[in-house]
Structure formats: C-alpha cells, structure tokens
Amino acid sequence: MNEFSDALIDTGKKGKIPKEYDWFGFLIGEWDILYSDNHGTGRERQVKGEWIFSWVLDGTAIQDIFICPSRAERQIHPQPDATWGTTLRIFNPGTKAWDIFYGATGEAERLEAKKEGDDIVLTETAEGKMKWIFSDIRDNYFLWENRLFNEDGSSLLQCRIVGTRRK
C-alpha cells in the first residue's frame with residue numbers, strides 16, 4: 001500500500017491552481033476541532049475531533065480525513081454517531097470554483113466552493129439549500145458552520161466546528 005499513499009499524497013500545490021484561487025491551502029496540516037450541534041435545543045453537544053488535510057493528486061487537489069470524535073476521544077467519550085469521512089477538493093479552471101466531493105458511511109455530498117468576501121462558502125449542488133462556510137480564517141484557527149438556508153434567506157445552524165492547528 002506504500003505505492004498507493006506515495007502516488008496519492010503530495011508535498012505541495014502545483015502550478016495548476018492559480019494563487020488567487022488557492023483558498024484551501026491554509027488548511028494543510030493537522031487540526032484539533034471542537035464540533036458542536038443541536039444549537040438552541042437544550043441538547044447542545046460538543047465533541048472533540050480531528051481534521052487532517054493534505055495535498056493530493058500531484059498537488060492539484062486537497063483531501064482531508066474528518067474524524068469525530070478524535071481517535072483519542074473515542075476511548076473516553078464514544079458517540080453513537082461517530083464518523084470517519086473524507087473530502088476531495090479539486091480546483092475547476094472552467095468555473096473558477098472548487099468541485100468538492102464528501103463521503104462517509106451512508107452519506108455522500110457534491111458541493112461547489114466559492115469565495116464570498118473573506119469566507120469560503122461550499123454549497124451543495126443538488127438544491128443549494130445547505131452551505132458549509134469557513135470564516136474567521138487565521139494561520140492557526142478557523143470557524144466552520146453548516147447552515148440550512150430557507151426560501152426567505154434566513155438560515156438554521158446545523159453544526160459548528162472551531163478548528164485549532166496542532167502545534
């Protein structure tokens with residue numbers, strides 16, 4: 001399997017992604033996350049997780065592994081809906097956006113990412129009602145929210161992640 005990982009993982013971005021569209025490069029590395037959901041229900045929950053990002057496919061894409069709860073936290077606080085997921089982000093020079101594919105057991109999503117001001121907004125392509133938003137992006141921190149948008153433009157927070165880069 002070394003051949004597979006050697007062919008998949010890359011050490012950096014290649015020239016096929018213009019600098020002005022390198023929106024996800026800041027994520028490369030390992031992050032500790034605090035995942036929260038059930039906002040405003042009286043059943044709010046917070047779970048420690050991990051999110052790991054790497055350049056892949058000859059430096060033309062970014063893939064992640066999302067683990068919640070984290071491998072260490074699973075030993076202490078297992079969750080009935082624990083998940084391992086992966087996302088593949090590929091820049092599309094035709095649309096000047098990123099094509100995104102997310103998958104986990106029993107779930108698959110196709111999204112498109114565009115910049116809106118300083119935020120990176122990932123919109124599911126089927127109905128356009130679900131958005132995943134990276135905001136407050138810093139070298140060692142980001143905020144990520146999953147929101148369901150209604151016809152009137154209002155939204156409902158589904159879950160929130162606070163990411164802190166591992167030292």
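**Strands, pockets and overall form**

Colleague: Nine bridges join β10 to strand β11 (residues 155-165), and the two run antiparallel. What makes them a pair?

Modeller: The cut-off is at least two bridges found by DSSP. β10 and β11 have nine, so they pair. Keep in mind that this is a predicted model.

Colleague: How do you know that β9 and β10 pair?

Modeller: By the bridge count again. Seven bridges join β9 (residues 130-138) to β10 (residues 141-149). At least two are needed, so this is a pair as well. Its strands run antiparallel. The two form a hairpin, with two residues between them.

Colleague: Which residue in β10 is the bridge partner of Trp-132?

Modeller: Asn-146. Follow Asn-146 onward into the next pairing: there it stands opposite Cys-159 in β11.

Colleague: What is found in the hairpin of β10 and β11?

Modeller: Five residues lie between those strands. In this hairpin, Gly-153 takes a positive phi near 95 degrees.

Colleague: Which strands does β2 pair with?

Modeller: β3 and β11. Nine bridges join β2 (residues 29-37) to β3, and seven join β2 to β11. Both counts meet the cut-off of at least two, so both are pairs. β2 runs antiparallel to β3 and antiparallel to β11. For landmarks, Glu-30 stands opposite Ile-52 in β3, and Ile-33 stands opposite Gly-163 in β11.

Colleague: How many helices and strands does the protein chain have?

Modeller: Two helices and eleven strands. Along the sequence the pattern reads α-β-β-β-β-α-β-β-β-β-β-β-β.

Colleague: Why is the protein chain called as compact as a globular protein of its length?

Modeller: Set the value against the rule. The radius of gyration is 16 Å, and the globule rule gives 15 Å for 167 residues. The two are close, so the chain is as compact as a globular protein of that length. Along the principal axes, its C-alpha atoms fill a box of roughly 50 × 45 × 30 Å.

Colleague: What share of the residues is called buried, and by what cut-off?

Modeller: Buried means under 20% relative accessible area. Buried residues make up 40% of the 167 in the protein chain.

Colleague: What share of contacts joins residues at least 24 apart?

Modeller: 37%, among contacts between residues at least 6 apart in sequence.

Colleague: How does one find empty space at all?

Modeller: Rolling a probe the size of a water molecule over the atoms shows where empty space is left. Here the largest pocket has a volume of about 600 Å³. Of its 29 lining residues, the closest to the centre are Tyr-35, Phe-66, Tyr-102, Glu-107 and Trp-144.

Colleague: How is that lining divided by class?

Modeller: It has 17 nonpolar, five polar and seven charged residues. Tyr and Trp count as nonpolar here, so Tyr-35 and Trp-144 go in that class.

Colleague: What lines the second largest pocket?

Modeller: This pocket holds about 180 Å³ of space. Its lining includes Phe-4, Leu-8, Ile-52, Val-56, Asp-64 and Thr-86. α1 (2-8), β3 (45-56) and β4 (61-68) are the elements that give two or more residues. β3 gives the most, with four.

Colleague: What makes Asp-64 stand for a class in that lining?

Modeller: Asp counts as charged. The lining has seven nonpolar, four polar and one charged residues. Asp-64 lines the pocket, so the charged residue is Asp-64.

Key. Residues numbered from 1 in each chain as written. Predicted model: local features only at pLDDT ≥ 70, side-chain atom pairs only at ≥ 80, totals over all residues. Heavy atoms only, no water. 1 Å grid on protein atoms, 1.4 Å probe; cavity = no way out; pocket = protein on both sides within 12 Å on 5 of 7 lines; lining within 4 Å. Points joined across faces, edges and corners; volume = space filled by probe spheres on them. Rg over C-alpha atoms; globule rule 2.2 N^0.38 Å. Buried < 20%, exposed > 50% of the residue type's maximum accessible area, 1.4 Å probe, protein only. Contact = heavy atoms within 4.5 Å.
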